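Student: Please pick one part of this model and look at it closely. Then show me what lies around it.

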Amino acid sequence: MNLNDRDVTETSRKSAAPQRPIEERRQFAEPGDRSRVRETDTTSKTLPPLADGMPQREIRFDAASVLDSLGNAVAVVGTDWRIQTLNRQWERIFGQSAAECTRRDLFAAFPFFAEEHAARMLRASRIDGATRHFDLELPGVMATGEHYGVRVSFSEDERLVIEVSEMGGSTTKENGDEPNAENASLRRLARQMAAVADSAELLELLCTAASEQCDATGAAVLRGAGAEGEVVSAAGAMTLGLDRRFPLEGSVAQEALESRGVVSVENFTASQRPLARIVPELLIGPMLAAPLIAHDRLLGVLTVVRGDRAAAFSPREARRLRVIADHAALAMWKAELLEQSRAADRAKGRFLATISHELRTPLTALTGYEELLADEVMGPLTEPQTDVLERMRAVTHHLTVMIEEVLAFSSIEAGREVVRPTEFLADDLVRAAMAIVEPLARQKRLRLSCDLPAEPIRLTSDIDKIRQIIVNLAGNAVKFTDQGEVRIALSEIHSSGETEGQERREVRFAIVDTGAGIAPEDARRLFRPFSQLDAGLTRRHGGTGLGLYISQRLAQLLGGRIDVESELGTGSTFSLAIPAD
């Protein structure tokens with residue numbers, strides 16, 4: 001139907017009327033008559049006789065009545081951006097009559113179309129003839145709804161057809177459940193995407209869900225790199241184009257990325273876009289493409305398609321795709337950040353492990369030379385030389401401990417730590433740990449003691465890892481205690497298991513000190529890697545800040561835990577609880 005024929009009455013005559021000259025075709029009405037077209041002396045051509053011998057009759061269509069019968073608001077705009085016609089739905093939604101708006105500039109009559117995004121979409125459709133969808137929000141409009149979906153298409157006679165559908169407002173009880181179900185489905189999809197951390201799995205889920213949500217036969221995610229685009233994920237009919245590259249110039253992906261709005265193509269195969277030429281076996285009709293934008297970053301384009309003879313996508317489906325794309329972009333952005341952080345963490349672990357190994361090799365040699373000097377293999381030492389040697393040995397030992405902590409951290413983060421359980425006596429383990437810590441306690445003139453039960457406690461676990469944990473905790477207690485004592489208490493606790501009648505046996509190693517204690521607000525930072533409570537250039541105590549973090553991770557690896565009780569100014573108790581069996 002030619003939209004220039006605004007009002008042609010439908011008549012029924014028993015005989016065909018004589019034809020009038022073609023110059024007397026109807027014209028658009030002047031402003032003030034709702035853009036109705038004046039009756040002119042135009043008749044239809046004589047129809048051929050009907051098969052049943054009925055007399056011919058003349059068929060005419062009232063274009064205004066057809067437009068008024070549509071459920072959506074429709075406006076037709078000429079090449080000069082002047083409004084040529086409006087329907088009654090447009091009048092109802094925007095509160096202006098056709099008589100007021102006809103022949104006026106679109107942007108002057110309805111300033112919200114002059115806003116950057118809307119104007120860009122309208123002008124782009126006029127330039128390339130593509131159909132586009134975008135959302136319109138009008139908080140000041142007194143209508144049943146404030147949110148609208150806009151569909152812009154370009155007719156063959158170079159007119160711009162703007163179709164506006166209501167997204168909000170009052171809905172009848174009959175169709176009220178449908179938006180609720182749709183919203184629930186979209187929320188469910190958003191939760192599913194948020195729960196996926198792997199990018200490939202997320203894209204696969206996105207394509208499948210977008211195809212189902214928009215009643216499509218296929219979907220794909222396209223990404224651009226330089227002058228080329230690539231189909232990085234696909235479902236359904238679009239799997240034929242998976243991993244295929246295509247020029248971005250003139251593609252739907254480029255159009256969606258530049259406009260940052262939903263782009264609609266009525267017949268993708270017939271349009272001969274770059275991807276359609278490269279993959280001719282893609283027999284696709286309607287296509288919608290929505291940009292994936294998160295935090296102002298263009299992550300790609302989400303497309304949904306139908307078969308070459310299928311019906312076009314509706315404005316509602318275009319809006320739904322935009323919502324899906326918005327949720328998906330955020331999920332993709334988070335997954336990308338997570339993958340980048342994991343890659344950086346792996347690189348950091350490899351760097352620390354490499355540097356630590358390189359440092360440990362010369363340090364081991366240095367320790368050997370110190371032992372030779374201490375044993376006076378090179379000759380006798382004077383008292384000052386012996387004092388210097390002892391200081392060198394203390395520094396070397398400190399460096400060795402730091403390097404071992406970094407290596408342990410790298411091993412734990414890489415998941416290379418393995419539990420090697422053996423059966424042993426907990427009492428012997430406590431005595432061995434005390435022997436390691438005792439020189440440091442003696443140097444600070446602290447009492448170091450232990451409380452052992454009368455009956456030996458036997459347990460099965462990784463003895464080396466438990467020793468490492470106790471030495472770390474006891475070493476920290478000595479380091480942060482200036483006067484008083486450090487005590488290691490060993491006990492066995494029996495508790496009920498998960499099933500009735502089952503008894504759980506737990507061995508507890510408690511390291512008690514009389515140090516400065518820990519403030520409640522600082523307790524949360526205790527087990528963070530590379531974190532120290534007295535951080536800064538003026539800190540009194542050295543170290544990497546990895547001891548407690550490594551101890552906690554090792555305890556968790558053994559199925560245990562570390563509990564902390566502390567009172568500022570009184571002291572702290574760090575307890576390692578390990579399952580006995």
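Tutor: Start with a cut-off: a residue is buried under 20% relative accessible area, exposed over 50%, and partly exposed in between. Cysteine 450 has 28% relative accessibility, so it counts as partly exposed. Cysteine 214, at 0%, is buried. A search of the whole structure finds 0 disulfides. Keep in mind that this is a predicted model.

Now the part to study: the largest nonpolar core. It has 45 residues. Ile466, Phe509 and Leu576 have the most contacts inside it. Seven elements each supply at least two of its residues. The helices are H12 (383-413), H13 (426-443), H14 (463-479) and H16 (547-557). The strands are E15 (485-496), E16 (503-513) and E18 (571-579). In soluble globular proteins, nonpolar side chains tend to be buried together.

Go to isoleucine 466. Set aside its neighbours within four places in sequence. Isoleucine 466 then contacts Phe424, Leu429, Leu459, Ser461, Phe509, Leu558, Leu576 and Ile578. Two of these partners, Phe509 and Leu576, are on the list of residues with the most contacts in the core.

Two other partners, Leu459 and Ser461, lead to strand E14 (residues 458-461). Leu459 and Ser461 make up its covered face. Arg458 and Thr460 make up its uncovered face. In a regular strand the side chains alternate between the two faces of the sheet. Strand E14 is joined to strand E12 (residues 422-425) by 4 bridges, and the two run antiparallel. One pair to find is glutamate 423 with its bridge partner in E14, threonine 460.

Next, look at serine 575 in strand E18. Its relative accessible area is 9%, so serine 575 is buried. Beyond four places in sequence, serine 575 is in contact with Arg508, Phe509, Ala510, Arg561, Ile562 and Asp563. Strand E18 also has the highest mean pLDDT among the elements of the chain, at 95.

Leucine 546 comes next. It lies in the loop between helix H15 (520-523) and H16. Loop or not, leucine 546 counts as buried because its relative accessibility is 0%. Not counting residues up to four places away in sequence, leucine 546 touches Glu405, Val406, Phe409, Pro529 and Phe530. Leucine 526 is 20 residues away along the chain, and its C-alpha atom is separated from that of leucine 546 by 9.7 Å.

Back to the core of 45 residues. Apart from it lies another core, of 33 residues, which includes Ala210, Cys214, Ala318 and Ala328. Cys214 is the buried cysteine from the start.

Just after Cys214 comes aspartate 215, in the loop between helix H7 (199-213) and E6. With 57% relative accessible area, aspartate 215 is exposed. Its phi is positive, about 55°, although it is not a glycine.

That loop leads to the sheet. Here 11 strands form an open sheet in the order E2-E1-E5-E4-E3-E9-E10-E11-E6-E7-E8, with antiparallel pairing. Its edge strands are E2 (83-86) and E8 (245-247), each pairing on one side only. Neighbouring strands are turned by 25° against each other on average, direction ignored. Strands E6 (residues 218-225) and E11 (residues 297-307) pair over 5 bridges. Glycine 218 has valine 305 as its bridge partner in E11.

Helices sit against these strands too. Helix H5 (residues 116-128) lies across E1, E3, E4, E5 and E9, running at about 165° to E3. Helix H11 (residues 315-374) packs on the sheet and touches E3, E4, E5, E6, E9, E10 and E11. The direction of H11 makes about 40° with that of E10.

One more loop deserves a look, the one between E1 and E2, which holds tryptophan 81. Tryptophan 81 has 13% relative accessible area, so it is buried. Like aspartate 215, it is not a glycine, and tryptophan 81 has a positive phi of about 65°.

Finally, check the confidence. The chain averages a pLDDT of 81, and 82% of the residues score at least 70. Helix H6 (residues 177-194) has the lowest mean among the elements, 76. Over residues 1-54, pLDDT stays under 50, and the model has 122 contacts beyond four places in sequence for them. Over residues 169-175, pLDDT also stays under 50, with 4 such contacts.

Notes: Residues are numbered from 1 along each chain as its sequence is written. This is a predicted model: local features need pLDDT of at least 70, side-chain atom pairs count only at pLDDT 80 or more; totals for chains, interfaces and linings use all residues. Side-chain values use heavy atoms; hydrogens and water are left out. A nonpolar core is a set of buried Ala, Val, Leu, Ile, Met, Phe, Trp, Tyr and Cys residues joined through side-chain atoms within 4.5 Å. Buried means under 20% relative accessible area, exposed over 50%, partly exposed in between (1.4 Å probe, protein chains only). Contact means heavy atoms within 4.5 Å. Two strands pair if DSSP finds at least two bridges between them. Axes are lines fitted to C-alpha atoms, for helices over the stretch in contact, and angles run from 0 to 180 degrees between N-to-C directions. pLDDT is the predictor's confidence in each residue, from 0 to 100. A disulfide is a pair of cysteine sulfur atoms within 2.5 Å.
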